[in-house]
Amino acid sequence: EHKFWSTQPVPQTLPARETQHIRHHGEPIETKPLHAVPTRPYSLIDHFEWSDIALTDDKQLEETYKLLNENYVEDVAAMFRFDYSRHFLRWALLPPGYQPSWHVGVRVKSNRKLVAFISAIPATVSIHSNPISMVEINFLCVHKKLRSKRLAPVLIREITRRVNLRNIWQAVYTAGALLPSPVSVSNYYHRALNPKKLIEVGFSRLQPRMTIARTVKLFALKSQTETPTIRPMTLDDTLEACALVKQHMRQYDLHVDMTLEDLRHWLLPREGVIYTYVVHDPHSNAITDLVSFYSLPSSVINHPTHNSLNAAYAFCIVPNKTPINTLMKDALVLARNNNFDVFNVLDLAHNAQFFSDLKFTAGDGSLNYYLYNWKCRPIPKEKNALILL
Ligand code: NHW
Ligand code: EN5
């Protein structure tokens with residue numbers, strides 16, 4: 001069935017009775033000494049070579065951008081393809097503690113064309129309250145013309161080797177694809193901000209007995225936020241925000257632990273990349289709530305007039321004093337004011353609470369969460385607060 005995944009330290013069957021006896025936060029599936037890690041790269045098929053990608057270099061960033069823009073994830077109907085921007089890729093792949101050797105490319109030897117990529121970034125992931133140093137794997141991509149040649153397993157083995165060389169033995173990754181075996185599963189929900197354009201590009205359909213005018217009215221939002229003291233987060237807010245996020249995350253069974261340095265990287269606003277707002281209470285002079293979303297446009301495939309769809313994705317949501325529905329309604333207004341066409345949210349953590357009130361509808365996509373070399377009990381979506389990019 002799974003020629004590659006059956007050889008890997010991942011749960012081979014859905015964790016059921018088998019995992020009832022294991023420690024609450026789980027345990028490694030295998031352990032091995034550092035000296036057992038191969039010191040040389042895995043062999044690639046003929047005519048291809050490994051190439052570390054320096055994303056600090058504009059030319060190599062451009063090559064990575066182009067590979068992903070033309071070959072990365074599409075929806076089931078192949079109408080949209082993720083179009084991570086250059087600035088976004090730098091933000092996503094150059095966080096505190098990044099390793100240049102974890103930006104792995106494959107090139108054609110003869111002309112040096114970049115045809116495949118995979119990445120790892122370091123993260124501390126808390127599983128059932130147990131912080132584990134691991135990596136997040138993302139941006140696995142093989143050029144369309146090189147699919148089904150078993151290149152992906154070689155990329156995965158090679159990045160595993162390079163991560164193991166740094167004495168790290170666990171990883172987390174998400175995928176739409178169903179692989180052995182998800183620790184948690186979520187569904188995408190969508191909130192139209194620009195319903196006319198969403199219908200034009202085929203992202204959504206005009207409901208029966210609805211006109212465009214009535215649909216526009218249905219999804220209309222106020223011009224200003226309900227919370228008057230919500231504003232973009234600044235450097236001065238970050239120490240307080242860090243404590244707020246840490247305190248909030250404790251209730252979940254799967255989340256990242258961010259240091260102050262991490263939080264500054266991941267949450268300080270960057271135009272066109274990451275938008276973070278805090279609610280400032282003037283009486284106590286304290287930050288009481290935080291909400292953030294990232295910008296991930298999709299290319300509209302084969303459309304005569306529209307070539308891009310601007311989507312905001314919920315990232316870090318910390319309702320503390322402000323009700324979650326109010327905080328998210330404000331996030332919708334702020335996203336609409338920043339020219340986003342749609343607001344996307346996973347139905348994990350406490351998110352399902354605001355969906356009907358704020359007119360979200362289920363999408364046709366789902367997201368599976370995986371842990372590499374870690375077996376633990378399955379995590380219900382309500383206990384999952386981990387968002388990968
Ligand atoms: S999920 C997005 C993945 N990328 C895309 O979907 C882009 C479009 N598709 C492609 O580029 C986010 C290709 O179709 C890819 C597969 C490259 C997906 N994850 O080369 P073959 C991530 O980046 C298995 C893992 O012939 P291909 C997360 C498949 O089950 N495995 O296929 C990445 C089969 O194995 P099996 C996947 O279509 C996490 C084998 O690949 C997969 O030409 C990576 C077939 O290979 C996926 N998304 O290329 C794991 N899709 O056993 C990290 C297919 O079933 C693990 N496969 O025969 C941890 C590593 C670090 C550990 C450190 C301790
Ligand atoms: C690694 N970090 O399928 C992530 N998106 O629902 C990689 N559907 O946009 C894995 N098919 O339902 C990512 N509109 C896996 C997701 C891949 C992308 C994907 C789905 C998520 C999506 C849209 C468009 C469907 C087009 C046809 C969708 C209907 C809902 C609509 C929203 C606006 C208001 C009315 C209803």
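In the predicted model, helix α1 covers residues 58–71, a run of 14 residues. The distance from its first C-alpha to its last is 20 Å, close to the 20 Å expected at 1.5 Å a residue. Buried positions in α1 are Gln60, Leu61, Thr64, Tyr65, Leu67, Leu68, Asn69 and Asn71. An α-helix has 3.6 residues a turn, so residues three or four places apart point the same way. Within α1, Gln60 and Thr64 are both among the buried residues, as are Leu61 and Tyr65.

The protein chain is divided into domain 1, residues 5–184, and domain 2, residues 186–383. Taken over C-alpha atoms, the centres of domain 1 and domain 2 are separated by 25 Å. Domain 1 contributes 62 residues to the contact between them, and domain 2 contributes 45 residues.

The largest nonpolar core comprises 75 residues. Within this core, Trp91, Ile127, Phe139, Leu290, Tyr294, Phe315 and Tyr369 touch the most other members. Strand β4, residues 114–127, gives the most to the core, with 6 residues. Because domain 1 and domain 2 both give residues to this core, it lies between them. Another core, of 30 residues, lies apart from the largest one; among its members are Leu151, Ile156, Ile168 and Tyr372.

Strand β4 also holds Ser119. Ser119 is buried, with a relative accessible area of 1%. A polar atom of the Ser119 side chain lies 2.7 Å from the backbone oxygen of Asn138. Setting aside residues up to four places away in sequence, Ser119 touches Leu93, Trp102, His103, Glu136, Ile137, Asn138, Phe139 and Ile159. One of these, Phe139, is also among the core residues that touch the most other members.

Tyr369, likewise named among those core residues, has contacts in several parts of the chain. Beyond its neighbours within four places in sequence, Tyr369 is in contact with Tyr173, Thr174, Pro182, Val183, Ser184, Ser186, Leu254, Leu346, Leu348, Asn384, Leu386 and Ile387. Of these partners, Asn384 lies in the segment after β16, which spans residues 361–372. Asn384 is buried, with a relative accessible area of 0%. With residues up to four places away in sequence left out, Asn384 touches Ser184, Tyr252, Leu254, Leu348, Ala349, Tyr369 and Ile379. Asn384 and Asp347 are 37 residues apart in sequence, and their C-alpha atoms are 9.5 Å apart in space.

Two ligands were examined. Ligand 1 is surrounded by 33 residues, of which His2, Trp5, Leu140, Ser148 and Ala152 are the closest. Backbone N or O atoms provide several polar contacts to oxygen atoms of ligand 1: one from Trp5 at 2.7 Å, one from Phe4 at 2.8 Å and one from Phe139 at 3.2 Å. Phe139 thus appears at ligand 1, in the surroundings of Ser119 and in the largest nonpolar core.

Around ligand 2 there are 22 residues, and Asp75, His190, Phe203, Asp364 and Leu389 come nearest. A polar side-chain atom of Asp75 is placed 2.6 Å from a nitrogen atom of ligand 2. Leu389 also approaches a nitrogen atom of ligand 2, with a backbone N or O atom at 2.6 Å. The side chain of His190 has an N or O atom 2.7 Å from an oxygen atom of ligand 2.

How values were computed
Residues are numbered from 1 along each chain as its sequence is written. Chains are lettered from A and ligands numbered from 1 in the order in which they are written. This is a predicted model: local features need pLDDT of at least 70, side-chain atom pairs count only at pLDDT 80 or more; totals for chains, interfaces and linings use all residues. Side-chain values use heavy atoms; hydrogens and water are left out. A nonpolar core is a set of buried Ala, Val, Leu, Ile, Met, Phe, Trp, Tyr and Cys residues joined through side-chain atoms within 4.5 Å. Buried means under 20% relative accessible area, exposed over 50%, partly exposed in between (1.4 Å probe, protein chains only). Helices (H or I, at least four residues) and strands (E, at least two) are DSSP runs, numbered from the N terminus. Domain bounds come from an automatic or database domain assignment. Contact means heavy atoms within 4.5 Å. The expected span of a helix is 1.5 Å times one less than its number of residues. A residue is near a molecule or strand if one of its heavy atoms lies within 4 Å of it. A polar contact is a pair of N or O atoms within 3.5 Å; within protein, one must be able to donate a hydrogen and the other to accept it, and residues adjacent in sequence count only if both atoms are side-chain atoms.
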